[in-house]
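Good morning, and thank you for making time for this presentation. I shall walk through one structure, moving from individual residues to the packing of helices.

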Amino acid sequence: ALSSEPVIGAGGMADTRDPDALVHDDPRKSISDAPSFEEYLKQRAAQPATTAAPAAAVGGDPIALLDSSQAALVDKIAAAIPDLEAKPDLSWTGETLAGTQATLDARDAPGPANVAWLGSVCIPGKLSSLTIFNGPLTDVPHLLSRCLYDKENNQLQFALDFRPRAYGAYEMVDAQGNYPGPEELGRKAFEYSGARSDFFNKFATTELQAEFNIMAKSLEDATPSAIQPSELDLLTGSPVAISLTMPATDQNAKILSEMREKAAETWLEWATDDSGEHAHRPGAPINTQYVYDAKMRQNAYLALRD
């Protein structure tokens with residue numbers, strides 16, 4: 001059932017979609033009950049330990065933990081996608097940014113692997129960022145996972161998003177969670193509505209949002225970021241993007257590491273799904289995706305740079 005008032009999620013985004021459980025003949029349209037916080041903790045405790053996010057102490061630098069976890073994630077992605085190759089000419093091994101040495105592990109996997117760009121950036125004591133753009137063969141969302149450390153104010157700025165592959169007029173949503181209809185946008189309204197439906201049914205499902213919201217709520221003193229999204233962010237981002245500010249504590253750094261690990265593993269599951277569910281049909285759909293991606297990547301790179 002849709003709520004009458006917008007629900008403010010952990011990322012500070014208004015969302016009126018709060019559906020009940022549903023069993024449908026098409027399993028992609030089924031909605032299972034989201035776990036309670038207590039059930040989620042029990043599920044997590046029952047899971048085997050992972051090596052992607054080491055349980056080492058932050059030691060005063062949260063970026064050190066996040067970078068270690070991120071490096072392990074990139075190794076895991078590379079192991080699952082053998083065609084993912086390093087790009088030495090685009091990578092950094094010791095570039096100096098703002099007086100600090102920075103590293104960029106740049107990779108791609110053109111062809112069937114469909115990875116147009118993977119960039120793992122670390123600026124010690126300042127930034128840990130993982131960005132993955134996909135090629136036009138599938139509709140798998142791009143991944144943005146970034147954490148900034150403000151040492152002077154002892155704060156972390158965290159951003160996480162699965163960026164949609166088709167324009168859904170997400171920035172036009174009103175305070176009640178409604179989007180413009182055909183009376184305002186004409187036939188385009190149906191195209192945008194279809195893009196939103198695909199995104200929410202296939203990727204940003206209720207279950208996935210619930211899991212990230214539960215992890216976000218366990219962060220200490222986290223609040224929606226006061227940094228207003230740019231116009232480019234609004235055009236390229238998803239309505240489920242997470243943008244938070246919080247104290248730079250060991251606990252928060254470890255939870256952010258878990259959230260980033262979950263996001264990367266979710267993207268990897270989609271990217272390596274060989275069922276064909278996410279693949280575009282040869283011909284016009286791929287060409288259309290390529291044309292959209294070319295514009296989207298330009299805007300996305302500008303948004304990331306800003």
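**A loop residue and its partners**

Leaving out residues up to four places away in sequence, Asn154 touches Tyr149, Met246, Pro247 and Ala248. Before I say more about this residue, please note that what you see is a predicted model.

Where does Asn154 sit? Asn154 is found in the loop between strand 8, residues 142-150, and strand 9, residues 155-163. One of its partners, Ala248, is 94 residues away along the chain, yet the C-alpha atoms of Asn154 and Ala248 are separated by 5.3 Å. With a relative accessible area of 39%, Asn154 is partly exposed, because buried means under 20% and exposed means over 50%.

The backbone of this residue also deserves a remark. Most residues other than glycine have a negative phi. Asn154 is not a glycine, and it has a positive phi of about 50°.

Asp221 offers a second case: it too is not a glycine, and its phi is positive, at about 55°. Asp221 lies in the loop between helix 5 and strand 10, the latter covering residues 223-224. Is Asp221 buried or exposed? Its relative accessible area is 64%, so Asp221 is exposed.

**The chain as a whole**

Let me now step back to the overall picture. The chain has 8 helices and 11 strands. It contains 306 residues, of which 42% count as buried. If we take the contacts between residues at least 6 apart in sequence, 62% of them join residues at least 24 apart.

**Two buried residues in helices**

I turn next to Tyr192, which is found in helix 4, residues 188-202. Tyr192 has a relative accessible area of 13% and is therefore buried. Which residues does Tyr192 contact, leaving aside its neighbours within four places in sequence? They are Tyr167, Gly168, Ala169 and Leu185. In addition, the C-alpha atoms of Tyr192 and Ala166 are separated by 8.2 Å, while the two residues stand 26 residues apart along the chain.

The other residue is Gln70, whose place is in helix 2. Gln70 is buried, with a relative accessible area of 1%. Not counting residues up to four places away in sequence, Gln70 touches Ser120, Val121, Ser128, Ser129, Leu130 and Arg260. Arg260 belongs to helix 7, and both Gln70 and Arg260 take part in the meeting of helix 2 with helix 7. That brings me to the packing of these helices.

**Helix 7 and its two neighbours in this account**

Two packed helices are described by the angle between their axes and the distance between the axes. Helix 2, residues 62-80, packs with helix 7, residues 250-271, at an angle of about 15°, and their axes are 10 Å apart. How, then, are helix 2 and helix 7 oriented: roughly parallel or roughly antiparallel? An angle under 35 degrees counts as roughly parallel, and helix 2 and helix 7 are therefore roughly parallel to each other. Helix 2 passes helix 7 in a right-handed crossing. By class, this contact of helix 2 with helix 7 has 11 nonpolar, 3 polar and 5 charged residues. On the side of helix 2, the residues involved include Pro62, Leu65, Leu66 and Leu73. On the side of helix 7, they include Ala253, Leu256, Trp267 and Leu268.

Helix 5, residues 206-217, also packs with helix 7, here at an angle of about 165° and with the axes 10 Å apart. That angle makes helix 5 roughly antiparallel to helix 7. The crossing of helix 5 and helix 7 is left-handed. The residues of this contact of helix 5 with helix 7 divide into 8 nonpolar, 1 polar and 3 charged. Leu208, Glu211, Phe212, Met215 and Ala216 in helix 5 meet a set of residues in helix 7, among them Ile255, Met259, Ala263 and Trp270.

**Cysteines**

Finally, a word on cysteines. A disulfide is a covalent bond between the sulfur atoms of two cysteines. How many disulfides does a search of the whole structure find? The search finds 0. Cys122 counts as buried, at 7% relative accessibility. Cys147 also counts as buried, at 0% relative accessibility.

Thank you for your attention.

How values were computed
Residues are numbered from 1 along each chain as its sequence is written. This is a predicted model: local features need pLDDT of at least 70, side-chain atom pairs count only at pLDDT 80 or more; totals for chains, interfaces and linings use all residues. Side-chain values use heavy atoms; hydrogens and water are left out. Axes are lines fitted to C-alpha atoms, for helices over the stretch in contact, and angles run from 0 to 180 degrees between N-to-C directions. Helices (H or I, at least four residues) and strands (E, at least two) are DSSP runs, numbered from the N terminus. Angles under 35 degrees count as roughly parallel, over 145 as roughly antiparallel, 65 to 115 as roughly perpendicular and the rest as oblique. A crossing is left-handed if the near helix is turned anticlockwise from the far one by less than a right angle, and right-handed if clockwise. Contact means heavy atoms within 4.5 Å. Ala, Val, Leu, Ile, Met, Phe, Trp, Tyr, Cys and Pro count as nonpolar, Asp, Glu, Lys and Arg as charged, and the others, Gly among them, as polar. A disulfide is a pair of cysteine sulfur atoms within 2.5 Å. Buried means under 20% relative accessible area, exposed over 50%, partly exposed in between (1.4 Å probe, protein chains only).
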